[in-house]
Structures are given as structure tokens and as C-alpha cells.
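Student: Could you take me on a close look at one strand in this structure, and at what surrounds it? I'd enjoy one connected walk outward from there.

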Amino acid sequence: MALSRKDIIQILWLVAKIAVIVLLSNTGHALFVYQNF
Amino acid sequence: MKEPSETTGSRGVAAISRLGAIVAATIVLLILFDVLLRVVVAGSGILQTMVDIQAPATLYAKLEDFRNAKGLKVAVLGDSLVFGRAMRDKGDSGWRAHTLSSQLQGWLAEKHPGQPVSVANFGMNGTLPTDLENLIRIVLPVRPDVIVFDLSLRSFSRDFDRDGDIRTRDWLNELNVSADGTYSIVKDRGGLANWLHGQLVNYWFLYRFRDFLQSLLFDGSPFTFLASARNAADSWLRGSAKDAGDDLGDVVLLMRARSRYEKIDLAPDNPQRQALDRILNRLSEAKQPALIFYATENPKVLPELLPRQTFDQLQAQLAQIISPQPPSRVFVGPLAIYGATDFLDHVHLDRVGYRRLSEQLGPRIDEMISQRVMR
């Protein structure tokens with residue numbers, strides 16, 4: 001199924017958030033950081 | 001005209017296939033990002049930057065970068081003298097360029113023009129022979145041209161022969177890196193979590209890079225960074241006398257060193273001596289060229305630490321333990337090249353001190369490299 005332009009932007013934003021969370025949080029704090037991001 | 005149930009069913013299928021496409025696109029983008037990060041990090045040489053190695057993934061990230069380096073490879077292991085951050089604490093903002101490994105890198109690069117030279121700094125504050133033993137076990141399979149490490153009498157203090165004080169970093173004892181570079185943590189507890197952590201470090205570069213980046217950016221974790229920023233702001237607002245604090249710190253350091261030096265012995269039952277014996281055996285068995293140098297104390301402060309006669313006796317014993325030297329091993333004992341001004345405290349050197357040290361060690365390392373090439 002083709003994704004719209006909006007979908008792709010949202011996916012890119014999600015990947016960026018995952019990268020920042022992985023780089024800047026410690027495993028135990030990851031969920032906390034995600035909730036407050 | 002369609003039945004209502006069929007419309008709901010086809011909507012469900014459409015939603016699931018849309019979700020599948022989103023998940024697949026996210027995974028593909030994460031993989032692409034990981035490949036890009038690997039290339040950019042390897043190309044930038046950022047992993048050669050000296051950081052306080054406080055986590056196994058940090059050490060592993062640096063080790064893999066060193067493994068992939070081309071040309072001459074020298075691994076410098078040891079304690080705070082090798083790490084060199086004492087210079088930063090005494091106001092040298094360019095400390096990273098003045099450490100032993102950086103100066104050796106410059107020295108060797110000059111001697112071997114046109115050949116890539118990689119001198120990796122695996123120095124960690126306070127390491128003992130028991131920690132070095134683990135570090136050498138981890139670094140040895142990379143087969144550097146020369147492994148350089150320092151020894152000091154302080155490490156053989158009986159302060160470090162009790163349970164809980166034998167090692168400064170238990171994680172070094174638990175870290176295992178196989179000859180092909182696979183990372184694993186061997187622990188009695190937390191099997192599944194350790195396994196998952198191991199898989200993530202091995203296969204997800206972003207995750208592997210995390211601890212290194214946090215050490216580089218925050219000098220620890222974001223939490224410790226915030227805490228130290230708060231403390232710095234606190235002392236700035238109070239207008240505390242920084243110089244007086246530094247002097248007090250030096251006095252405390254000296255008193256602690258004196259207490260350690262009083263309890264030094266190199267008896268065969270000392271666990272640090274036993275660790276040194278195992279290090280020497282391991283290096284000999286692997287025929288690994290190794291340069292061991294003594295972390296010379298400040299000549300002005302040494303008489304305050306222990307009597308000259310005791311120092312000489314202990315040095316003779318240390319030289320005895322390290323000899324008989326196989327051809328692949330060089331021991332450089334206490335050096336008489338320093339003035340008191342080359343030291344920041346009782347043992348840490350300033351940039352001039354490190355330059356003098358690298359001028360002493362560089363030719364010896366170079367000789368070991370050429371002997372290795374000839375063999």
C-alpha cells in the first residue's frame with residue numbers, strides 16, 4: 001500500500017525520535033524520555 | 001452494492017496493510033540511518049577521541065574502531081597517567097592533544113611518513129593490574145603491533161587485596177570480545193537482558209555508539225552532566241575560592257597516596273602481583289610485543305611517599321618480576337628525565353612531561369615495530 005507524503009514525514013520524525021532516545025537516554029530511562037519528548 | 005460486513009473486512013485488511021507498510025518503512029529507515037552513521041563515524045575518526053571509559057560498550061566501540069584501523073597500530077593501556085585528563089583538571093583545555101598517546105601518535109607518524117598510524121588510548125582512571133589483565137585479554141586478539149602499558153608501585157598496595165577492592169571495574173571482568181569481534185557480557189545474573197544488550201551492541205551501531213557519545217558530550221550520563229552543571233552553578237553563585245579548593249584536593253590526594261605507599265609489597269600472595277604475573281604470561285604466550293613503563297613519581301614528592309631505600313628495593317623486585325624478558329618485551333623503569341615542574345602532582349605529568357616521556361618511549365616502540373616487521 002502506498003504511503004502518503006504526510007505518512008513519510010511522520011515516519012521520518014519517528015525514526016529521528018528513536019535515534020535521539022537511544023543516543024541520549026539510558027535503557028531504564030528510555031520510556032520516561034519517550035513520554036516526555 | 002457491497003455487503004456492509006465485506007466493507008468492514010476490506011477496511012480492516014487495508015488498515016493492517018497500512019500499518020505493515022509503516023512498520024516496514026520505519027525499519028528500513030532505521031537500517032539506512034545505521035549504515036549512514038557507521039560510515040560517518042568511521043570517516044570522522046571521532047571514536048579515537050579520548051573519553052572516560054566507564055561502560056563496556058564505550059570500550060567496545062573504541063576497540064572495534066581500532067581493529068578496523070589500517071597501518072601501524074599501538075594500543076596504550078593504563079591508569080590516569082595514560083588517560084591524561086589530570087591536565088584538563090589543572091586548566092589545560094587542549095589536554096587531548098598533549099597526552100602520551102597523542103604525542104606518540106605524532107612521533108610515530110613523523111617516523112613513518114605515508115603510512116597510517118593509529119595509537120589508541122585505553123587509559124582509565126585508577127586501573128590496577130587486575131583490571132589491566134582483563135583489558136589485555138580484550139585488546140590482545142586485535143593484535144596491535146605494540147601494546148604499551150604503565151605500572152606504578154601504588155597498584156601493589158595492600159589496599160587493593162580485599163574483596164570488593166581487588167578490581168576497579170567489575171564490568172571489565174564480565175566483558176568478553178571474541179577474536180572475530182563479537183561482544184558479550186558474561187554474568188551470573190540477568191541472562192536474557194545481557195543477551196539482548198549483547199545483540200543490540202553487536203548489530204545496532206546507534207546503540208553501540210550511545211555510551212561513547214554520552215561520555216564525550218556529558219562526561220558521563222546526561223544525569224551526571226546535569227548534576228555537575230548544578231554543582232558548578234552552585235559554587236559560582238556562592239563565589240567559592242576555587243584555588244583554595246584545588247590546593248586542598250592536592251593535599252588530600254598526597255595523603256591518600258602516602259597511605260597507599262606505606263602498604264606496598266610485591267609478595268607472591270598479593271593479588272595484584274599475581275595479576276601482573278598472569279599478564280606477563282599471557283603476553284609471552286601470545287608473543288605480543290609489549291612495552292611496560294614505570295609511572296615515575298615526582299622526584300620532589302617521592303621522599304614524602306616512601307624512603308628512598310624502600311623505593312629502590314621495590315623497584316629491584318619489580319624489575320625481577322618482569323625479567324627474564326622475552327625478546328618481545330621491553331621494560332622501562334623509573335626515568336630520571338623529569339624536573340619537578342613537569343608534574344601536576346605526585347605522579348601526573350603536564351604536556352612537557354608527556355613530551356619527555358614520549359621521546360623516551362617512541363624510539364623503543366619504533367624499534368619493536370621494525371623488529372616485528374623483520375620477523
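Tutor: Happy to! In this predicted model, let's begin with a pairing: B:Ala75 has B:Ile147 of strand S3 of chain B as its bridge partner. That bridge belongs to a set of four, which join strand S1 (residues 72-78) of chain B to S3(B), and the two strands run parallel. S3(B) also pairs with strand S6 (residues 290-294) of chain B, again in the parallel sense, over five bridges. One example there is B:Val148, whose bridge partner in S6(B) is B:Leu291.

Now, is S3(B) buried or exposed? The strand covers residues 146-151, and six of its six residues are buried, so S3(B) is largely enclosed by the rest of the structure. Looking at the two faces in turn makes this easier to see. In a regular strand, side chains alternate between the two faces of the sheet. On one side of S3(B) sit B:Val146, B:Val148 and B:Asp150, and on the other B:Ile147, B:Phe149 and B:Leu151; every one of these is buried, and both faces are covered. So the two residues we met in the bridges, B:Ile147 and B:Val148, lie on opposite sides of the strand, because B:Val148 is listed with one face and B:Ile147 with the other.

Next, step back along the chain to the loop that comes between helix H6 (129-139) and S3 of chain B, where you will find B:Arg143. What is its phi? B:Arg143 has a positive phi of about 55°, although it is not a glycine. Most residues other than glycine have a negative phi. As for its surroundings, B:Arg143 has 13 other C-beta atoms within 10 Å, and therefore counts as partly exposed.

The partner strand S6(B) has a loop to look at as well. B:Lys287 is found between helix H12 (271-285) and S6 of chain B, and its phi is positive too, at about 50°, although B:Lys287 is not a glycine. B:Lys287 has 12 C-beta neighbours inside 10 Å and so counts as exposed.

Let's move on to how helices pack in this chain. Two packed helices are described by the angle between their axes and the distance between the axes. Helix H2 (residues 56-67) of chain B packs against helix H9 of chain B at an angle of about 100°, with the axes 7 Å apart. That angle makes H2(B) roughly perpendicular to H9(B). On the H2(B) side, the contact is made by B:Ala57, B:Thr58, B:Tyr60, B:Ala61 and B:Lys62, while H9(B) brings B:Arg208, B:Phe209, B:Arg210, B:Asp211, B:Phe212 and B:Ser215. By class, these are five nonpolar, two polar and four charged residues.

H9(B), residues 205-218, also packs against a helix of the other chain: H1 (residues 5-24) of chain A, at an angle of about 45° and with the axes 7 Å apart. That makes H1(A) oblique to H9(B). Here A:Ala19, A:Val22 and A:Leu23 of H1(A) meet B:Leu206, B:Tyr207, B:Arg210 and B:Leu213 of H9(B). The residues of this contact divide into six nonpolar, no polar and one charged. B:Arg210 is named in both places: in the contact with H2(B) and in the contact with H1(A).

How many residues does each chain bring to the contact between the two chains? Chain B gives 15 residues and chain A gives 13 residues. On the chain B side, the elements that give two or more residues are helix H1 (4-44) and H9 of chain B, with H1(B) supplying the largest share, nine residues. That side of chain B divides into ten nonpolar, three polar and two charged residues.

H1(B) brings us to the domains. Chain B is divided into domain 1 (1-44) and domain 2 (52-374), with 47 Å between their centres, taken over C-alpha atoms. Five residues of domain 1 of chain B are in contact with five residues of domain 2 of chain B. The domain 1 side of that contact has three nonpolar, no polar and two charged residues.

Finally, for the whole of chain B: its secondary structure comes to 15 helices and seven strands, and 34% of its 375 residues count as buried.

Terms used. Residues numbered from 1 in each chain as written. Chains lettered and ligands numbered in written order. Predicted model: local features only at pLDDT ≥ 70, side-chain atom pairs only at ≥ 80, totals over all residues. Axes fitted to C-alpha atoms, helices over the stretch in contact; angles between N-to-C directions. Parallel < 35°, antiparallel > 145°, perpendicular 65-115°, else oblique. Contact = placed C-beta atoms within 7 Å. Nonpolar A, V, L, I, M, F, W, Y, C, P; charged D, E, K, R; others polar. Domains from an automatic or database assignment. Buried ≥ 20, exposed ≤ 12 C-beta atoms within 10 Å, placed from the backbone. Pairing = 2+ DSSP bridges.
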